[in-house]
Amino acid sequence: LVVAPKSLGFDVCAFINIKVADIKRQQDTVDQLKLIPEIVECHYMTGSFNLMAKLYCLDNEHLMRTIFDNILRIPGVTKTQTYISLNEAFSREPHIGYLDR
């Protein structure tokens with residue numbers, strides 16, 4: 001069963017880059033992010049940020065509270081950068097036909 005987040009009232013989809021000061025704390029940070037129900041995905045990243053999280057919120061105020069009251073309070077998180085999705089262009093799962101190339 002796949003349910004569209006908007007049908008449940010989640011009007012904001014955002015991607016948040018997260019910088020962890022001490023790489024030794026990265027797994028602890030991931031464990032803390034798992035406790036935030038708004039976060040539906042978390043990825044280890046290359047570049048100037050360590051992690052990227054995808055989350056759904058009811059509105060911008062809910063997003064702001066999630067960032068300030070949850071993510072930024074995790075020990076070791078020093079910086080975030082937030083991108084709000086205006087609309088999802090498309091989504092798909094990997095297709096096994098690509099293996100034939």
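## Close-up views of the model

**Leu8 is exposed, with a relative accessible area of 54%.** Here, exposed means over 50% relative accessible area, buried means under 20%, and partly exposed is anything in between, with a 1.4 Å probe and only the protein chains counted. This is a predicted model, in which local features need pLDDT of at least 70 and side-chain atom pairs count only at pLDDT 80 or more, while totals for chains, interfaces and linings use all residues. Residues are numbered from 1 along each chain as its sequence is written, and side-chain values use heavy atoms, leaving out hydrogens and water. Leu8 sits in the segment before β1. Along the sequence, 50 residues separate Leu8 from Leu58, yet their C-alpha atoms are 8.9 Å apart in space.

**The whole chain: two helices and four strands.** Helices (H or I, at least four residues) and strands (E, at least two) are DSSP runs, numbered from the N terminus. From start to end, these elements follow the pattern β-α-β-β-α-β. If you draw a box along the principal axes, the C-alpha atoms fill roughly 40 × 35 × 20 Å. Of the 101 residues in the chain, 29% are buried. About 7400 Å² of the chain is exposed, and carbon and sulfur atoms supply 55% of that area; accessible areas come from the Shrake-Rupley method with a 1.4 Å probe, and for residues only the protein chains shown count as cover. Contact means heavy atoms within 4.5 Å. Among contacts with a separation of 6 or more, 68% join residues 24 or more positions apart.

**A nonpolar patch on the surface, made by Leu1, Val3 and Leu8.** Together these three residues offer about 390 Å² of accessible area. To belong to a patch, a residue needs over 30% relative accessible area and no salt bridge; like charges are joined within 9 Å, and nonpolar side chains (Val, Leu, Ile, Met, Phe, Trp, Tyr) within 5 Å. Val3, like Leu8, belongs to the segment before β1. Is Val3 exposed or partly exposed? Val3 is partly exposed, because its relative accessible area is 41%.

**The largest nonpolar core has 18 residues.** Such a core is a set of buried Ala, Val, Leu, Ile, Met, Phe, Trp, Tyr and Cys residues joined through side-chain atoms within 4.5 Å. The residues with the most contacts inside this one are Ile16, Ile18, Leu33, Ile39, Leu55, Leu63 and Ile71. Two or more core residues come from each of β1 (12-20), α1 (26-33), β3 (51-57) and α2 (60-69). The largest share, five residues, is given by β1. Look next at Ile39: beyond its neighbours within four places in sequence, Ile39 is in contact with Leu33, Ala53, Lys54, Leu55 and Ile71.

**Thr29 is buried in helix α1.** How much relative accessible area does Thr29 have? The value is 1%, so Thr29 counts as buried. Not counting residues up to four places away in sequence, Thr29 touches Val20, Leu51, Ile74, Pro75 and Val77.

**One side of helix α2 holds its buried residues His62, Leu63, Thr66 and Ile67.** They lie on the same side of α2 because they cover an arc of only 135° around the axis; the arc is that of the directions from the helix axis to the C-beta atoms. What do the buried residues of α2 pack against? Their partners are β1, β3 and β4 (77-85).

**The whole structure contains two salt bridges.** Side chains of opposite charge can pair when their charged atoms come close. A salt bridge is counted when a side-chain nitrogen of Lys or Arg is within 4 Å of a carboxyl oxygen of Asp or Glu. In one of them, Glu61 pairs with Arg65, with the closest N and O atoms 3.3 Å apart. Both residues lie in helix α2, four residues apart, about one turn of the helix. Arg65 is partly exposed, at 39% relative accessibility. Another salt bridge joins Arg73 to Asp69, and here the closest N and O atoms are 3.8 Å apart. Arg73 is exposed, with a relative accessible area of 61%, whereas Asp69 is partly exposed at 41%.

**Asp69 and Met52: a distance view.** Asp69 is part of helix α2. Met52 is 17 residues away from Asp69 along the chain, and 18 Å separates their C-alpha atoms.
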